[in-house]
Amino acid sequence: MTRFLHTADWQIGRQYGRFAPDDAIPLAEARFLTVERIAALARERGVDAVLVAGDVFDAQTVSERTLRRLFNALAAFAGPWVLIPGNHDAALAESVWTRARRFNCIPPNVHLIDRPGVQAFPDIGLAVLGAPLTQRHTHSDLTEPFDTLETPPGLLRVGLAHGSVQGLLAEEVDSANPIAPDRARRARLDYLALGDWHGLKQIDERTWYSGTPEPDRFKSNAPGHVLEVEITAPGALPIVTSHAVARFRWHEQAEMLSLPGDVDRLGEALAALGAQDVLSLTLSGRLDLAAHQRLQALLGEAAGRLRSLQLDAEALRLAPTEEDVEALRADGYLGEVLGELRRRQEGEDEVAREALTVLAALLRERQQEVNA
Amino acid sequence: MKLQRLRIEQFKQFRQPLELVNLEPGLNLFTGPNESGKSTIVRAIRAAFFERYRSSSVKELQPWGDGGASPCVELDFETGGSRYRLHKQFLQRKRCRLQVDALALENDDAEQRLCELLGFQLAQRGESKPEHWGIPGLLWIEQGGSHQIRDEVQHATDHLRTALQGSLGEVASTAGDDVLSRVREQRNELLTEKKGEPRGPYLDALRQRDELQAALQDTQQRLAQYREQVDRLGQVQAEIALDEAERPWEPFQRQRQEAQQQLDALQLAAEQLQRQREQLAPLDRQIALLQQQIDAHAQQQRALAQREQALGAALQAQELAAQRLEPARRRAQDARQAQLDAQALLERVRAQQWRASLRREQDAAAQRVRTLDTALAEAQAHGTELARLREELQRQALDAAQLKELRALEQRWRELELRREAAATQLRWHFNHAGAAPRLDGEPLEGKGGRLLLQPAVLELPGFGQVTVTPGGADLEKLAAQLADAMATLEALRRRLGVETLAEAEARHERQRVLAGRIETLQALLAQLAPRGVPALQAERDELQGRIAALEAQIAALPAADADANLPPLAQAEQSLKDAARQWEQAQAAAQQAQSALAQAQGAVEHAQREREALRLALESEEARQALERAQAERLALLRQREDLESLLRAKQADIEAARPELLKQDVLRLSRSAEVAYQQYQERRREREALQIRLDEAGAQGLEDALATQRAALERSQRHCGELQRRAQALDLLLNLLNEKRRALTQRLQAPLQKHLNRYLALLFPRARVELDETLMPGPLRREGNGSLDGEGGSFEQLSFGAREQMGLISRLAYADLLKEAGRPTLILLDDALVHSDAGRLAAMKRILFDAATRHQILVFSCHPEAWRDLGVAARSIEALRRGS
């Protein structure tokens, strides 16, 4: 019986450009921590090996420090780590791997398969058929040689590849690095460990995408896992168990606000989130000034509490009521201007909406001055 | 507001109290000449309201020279249904008291109340100034001030606005202008004021975005380069692997070695050939030597024939020279004879020439002698004449001075004569009978006559006795003495000169002059004939005579003259001699030449004979013949030997050429280069791999992708920020425009009531004209219907004519008053000498306007032209009368 962990798409060195630097740095940092957790998990579960199906690194030119940190993060598990390059870290003439070799920072228990072929681990009954990417993109199926590659008898035949299984991943129909959906069967594989798809996905009984262990986008396709695979003997069906290892939870939420109560409901939803959460919130609808003010307070509070709050309120209208206007004491021609702006923002006039916000703020500010 | 009573005391020119009572609620007209106190009354009203009771800077209110006075004004008026009494006293007893119905206010409170009531401000310190006066400042027109309005309106704007807003309710904004200014401020932080271009933080953000974009592009480029280099490295590595597997330079090296071996073999054969070829040269040299021997023999044969020929020619030449010698000698002798003949002839010609020359000289001397003889004779004749003339001149000598003295003496004598006659007694007689004649001093007197008596005379009258006549006077005797003296002097001179009379003296002097001229002429002639004197002339003649004799002797000594007169001229004879001499020289030379030619020819003949003999002996020897034959035989043998060798060499050369050694050389070169190139390429690739690895290593260390992601993120944030700023700027711009627009519309709405009042008066003053109010409530340009043009150049109020401005100023004020009235504010209108620049027509219209306005407001008119206001519809009150009355 052989047990190993299947993971992929670590994307070490990834930068979170859309986020403020305060958020981006912890998010990048989290990827190292997750790798450390994988190592810890491997030791804890006592597996025989860890297979990483490509895109260990997000880029070829990550800094030396990043390189060293990654290999250091593997330290907790002393068994074999079997890695292949993916499209982000393809084994080019000069690559993150050649650099790692130059820096001499690859530990001896890390086995990089950077040429297509078989690497046998007889002591754990495992032969890994690797299909590394040696170019950034290929349009031929690199797993095709698996069909004819021989492995020492008695060892499990486990494929390790990076690409998109044709016809099953609707969004990536024309994507590069294709993989035949029936490769496991045709190549008589006991298991085919795939990378590239960031969500957890089973293709057939022997073929899986583990997904990225740490989410990096707001796609709810079950990222944040590693797979533990147990195969009792060559030809036996694998037993696959998933483990959640992600540090941060990424949420995408769209809210239509029209009644003051909607703001309260949103507040409750936000209250349920904490420092582990990364939220992309899209707001639309219309609010009176009071509700808008409450919303602002709510969002400010959430932004401070959540790991990151990405807000899109482009579609949210400010709709001052008559009472609002009265409360602002926008008398005389100010009232007329206010009215004009309210009319205009109905017609999708963003500038008018902004102007309205500015005017309302000025008036409120003035009022506070007067009251004070 | 209705002013009912006014009382002033100790106020400027009113030391005594003056009181105006029973003021009409409408129009009130006060008249009086200048200085009567109209303006003082106006000043009093102003002071009562504007000047602070405690002000110490109002000393001008005191009567002149009265420092202890307390100027005092008391006013009764009614407004808003309340009755007011204002009592204000300045300087010495400062006080202000305002009674409002039952309420009494004192000092500051009282003044504050007045401010609020009428709409003006109090000066914090010092005298009140126009900017404090507010509405009264506008409605109370000072003397000569009705044409000005801008400042007054400005100082009253706030009060007017309040009045306007009061009438319009809450339409106006309390916060509008504040918000407007904040929006403008915020907008101008992001956009330039005029063109609305980005500035400040907005501009900074845009710049930062552009910089980021540029940096990003740079990084992208570098990354692209990096990737290219990575690809290149892959390619180079593949090529190196291929090179190392195939080693393409090795086959070239092997082929090159084979070609080199072939080439070496050929080289060896060629060297052998060369050695054999070198044998040809000595062979050729031997043949040439033999040929030379044969040739030398033939040469000697030819030389002998030449020598024979030369000998013949020399003999012939000798004969010819001998023949030529005799005629030449003959010709030389002839020429010698001709030369001697020419010499003799020349001597004869020269002798004849000499004789002719002597003869000519002799003839010339004889001629000269003759001439000299003539001249000598003439000169001697002249000499004789000259001596005679000189002798005569000596005799006749009487010079000019002597003549002059003589003349003077004669003159004196005559003068004395005349004087004596004048002094003498004149005696006249006339006798007419023939008797005995009377006698005077013994001299008978007959007939008629007369005589001068110079001394006593006796007249004897025959028959009668005698009469003694004695001339009178002593002078006569003195004169007689002088006369005798003069006569004696004259006579003495005459004797000395040897003349009888003066005439004779004159004649002698003339003769002397003529003689002198003649002598001069003769001397000149003589000088010409014999410049050196006659003896010299004589000597010359004698000398010449001697010369003639000498010449004669010379001629006689010459040989006798040639009988043959046909001698050639001298030049010809000389030329003949020269020609003859030259010919002789030539003939002599020719003869000598012929002589030496003959001698030479004889020498040549001897030499030729010797040489021919020597050569002939050498050639005809046995030894020489044998040597020739031997040389000819040897040469033929050697020629055959050389031919054999040459054909052998040709065959070998053909073998070598058939192997194409030059192509083999090229093959070696080509193959060795190919090997080299292949190897160099391999090395080059290895170097490129090194270089690429180093470069990539460096670039990899820079973390280009990290940088790119960071920059991309920064750019994204910057773009978002720019977008926000842009939207904000646009929003602020929009907001500002909207606020301005709405504010303008509102202002127009606000001004509508004021406009209405203004139009009412304007229609009376300028029918069919329009005036718009600007934002400050100031009347704008006057627009007249019909021509559509503006009155005045730029159309503004200040550019109207003075009169029109005055009228416009007044009707605008009335309109403000109407507005204030509608707002429930007190109005009181004071006109101090207004409208003095208006023509009759406009003034009439203005009176109608004033009359109309007076139905709503109390108006106090002060004027020094009572006649101009007679038709105002109210009785004029004379200030003077009022003073008298009080």
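This note goes through two interfaces of a predicted model, taking the domains of chain A and then the contact of chain B with chain A.

1. Chain A is divided into domain 1, covering 2-244, and domain 2, covering 249-371, and the C-alpha centres of these two domains of chain A lie 45 Å apart. Their contact draws on eleven residues from domain 1 of chain A and nine residues from domain 2 of chain A.

2. Between domain 1 and domain 2 of chain A about 920 Å² is buried, with carbon and sulfur atoms giving 63% of that area.

3. The count of salt bridges between the two domains of chain A is one, and the side chains of D23(A) and R307(A) meet in a salt bridge at 3.6 Å, N to O. Two residue pairs in polar contact, both residues at pLDDT 80 or more, are also counted between these domains. On the side of domain 1 of chain A that touches domain 2 of chain A, there are six nonpolar, no polar and five charged residues.

4. Turning to the two chains, 48 residues of chain B are in contact with 39 residues of chain A, and the chains bury about 3900 Å² between them, 57% of it on carbon and sulfur atoms. Within chain B, R182(B), R727(B) and K742(B) lose the most area to chain A, together 16% of what that side buries.

5. Four salt bridges are found across the interface of chain B and chain A, and R102(A) forms a salt bridge with D697(B), where the closest N and O atoms are 2.8 Å apart. Helix 15 of chain B gives the most to the side that touches chain A, with 22 residues.

Terms used. Residues are numbered from 1 along each chain as its sequence is written. Chains are lettered from A and ligands numbered from 1 in the order in which they are written. This is a predicted model: local features need pLDDT of at least 70, side-chain atom pairs count only at pLDDT 80 or more; totals for chains, interfaces and linings use all residues. Side-chain values use heavy atoms; hydrogens and water are left out. Domain bounds come from an automatic or database domain assignment. Contact means heavy atoms within 4.5 Å. Buried area is the accessible area (1.4 Å probe) that two parts lose on being put together, summed over both. A polar contact is a pair of N or O atoms within 3.5 Å; within protein, one must be able to donate a hydrogen and the other to accept it, and residues adjacent in sequence count only if both atoms are side-chain atoms. Ala, Val, Leu, Ile, Met, Phe, Trp, Tyr, Cys and Pro count as nonpolar, Asp, Glu, Lys and Arg as charged, and the others, Gly among them, as polar. Helices (H or I, at least four residues) and strands (E, at least two) are DSSP runs, numbered from the N terminus.
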